[in-house]
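Biologist: I want the reasoning behind each label in this model. Show me the values and the cut-offs, please.

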Amino acid sequence: MTRRQGKPPTQRSLRVGEEIRHALARILERGDLRDPDLANRTVTMTEVRVSPDLRSATLFVTPFGGGDAAPVVAAVKRARAFLRHELAREVNLRCVPELWAEADSSLDQASRIDALLRSPEVRRDLEGRERDEHPEVAETDIPDADCDGQEGRDDGA
């Protein structure tokens with residue numbers, strides 16, 4: 001049996017992951033959880049990655065609005081059995097996947113890259129590259145023409 005390591009996810013696993021993400025969002029929205037770290041907090045589930053055999057799913061979670069994700073990840077890990085049970089009611093799958101939780105670091109990476117792109121050094125380099133690739137045409141090289149191709153006529157003709 002070949003391993004799918006390094007290969008992109010299949011269309012089926014992407015669809016199942018999105019369906020699981022939506023179902024878990026509905027479960028968390030209902031507020032049936034007793035864990036105080038989940039009951040009193042809004043959780044953002046950014047992605048669900050499902051294994052190719054659909055037997056395990058990794059939930060990428062972060063607290064809504066940012067902050068420390070460790071308590072949220074720990075609470076989701078504690079509530080795995082309940083979430084899996086409720087997921088079996090919500091989604092029609094032959095086998096409900098085992099749930100694993102991880103902190104989502106993609107938002108932190110995106111803000112770090114955004115800060116780098118906005119830094120003065122990078123902005124200076126990007127502006128220099130744009131001038132080299134697209135040299136500006138001097139205004140004296142462009143004739144002052146109207147739509148009809150006549151230069152500078154003001155007599156209304």
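Biologist: How many salt bridges does the rule give?

Modeller: The count is eight. The model is predicted, and side-chain atom pairs enter only at pLDDT 80 or more.

Biologist: What makes R49 and E47 a salt bridge?

Modeller: Their closest N and O atoms are 3.0 Å apart. The cut-off is 4 Å, so the pair qualifies.

Biologist: Why is R49 called partly exposed?

Modeller: R49 has 47% relative accessibility. Partly exposed lies between under 20% and over 50%, so the label fits. E47, at 31%, is partly exposed by that rule.

Biologist: How do you know that E86 and R89 form a salt bridge?

Modeller: The N to O distance is 3.7 Å. That is within 4 Å, so the pair counts. Both sit in helix α4, residues 80–90, three residues apart, which means a separation of about one helical turn.

Biologist: Is E86 buried or exposed?

Modeller: Buried: its relative accessible area is 9%, and the label needs under 20%. R89 has 63% and is exposed, the cut-off being over 50%.

Biologist: What is the distance between D114 and R118?

Modeller: Their closest N and O atoms are 3.1 Å apart, and they form a salt bridge. D114 is partly exposed at 34%. R118 is exposed at 54%. Elsewhere, salt bridges with shared partners join R26, R30, E86, R89 and E90 into one network.

Biologist: Which residues of helix α3 are buried?

Modeller: In α3, residues 70–78, they are V72, V73, A75 and V76.

Biologist: Why say that the buried residues of α3 line one face?

Modeller: Seen down the axis of α3, they fall within an arc of 160 degrees, so they line one face of the helix. The elements covering them include α2 (36–39), β1 (43–50), β2 (56–63), α4 and β3 (98–103).

Biologist: Why are α1 and α4 called roughly perpendicular?

Modeller: Helix α1, residues 11–30, packs against α4 at an angle of about 115 degrees. The range for roughly perpendicular is 65 to 115, so the label applies. The axes are 10 Å apart.

Biologist: Is the crossing of α1 and α4 left-handed or right-handed?

Modeller: The α1 and α4 crossing is right-handed.

Biologist: Which residues make the contact between α1 and α4?

Modeller: From α1, they are I20, A23, L24, R26, I27, L28 and R30. From α4, they are F82, L83, E86, L87 and E90. Among these, R26, R30, E86 and E90 also belong to the salt-bridge network.

Methods:
Residues are numbered from 1 along each chain as its sequence is written. This is a predicted model: local features need pLDDT of at least 70, side-chain atom pairs count only at pLDDT 80 or more; totals for chains, interfaces and linings use all residues. Side-chain values use heavy atoms; hydrogens and water are left out. A salt bridge is a side-chain nitrogen of Lys or Arg within 4 Å of a carboxyl oxygen of Asp or Glu. Buried means under 20% relative accessible area, exposed over 50%, partly exposed in between (1.4 Å probe, protein chains only). Helices (H or I, at least four residues) and strands (E, at least two) are DSSP runs, numbered from the N terminus. The arc is that of the directions from the helix axis to the C-beta atoms. Contact means heavy atoms within 4.5 Å. Axes are lines fitted to C-alpha atoms, for helices over the stretch in contact, and angles run from 0 to 180 degrees between N-to-C directions. A crossing is left-handed if the near helix is turned anticlockwise from the far one by less than a right angle, and right-handed if clockwise.
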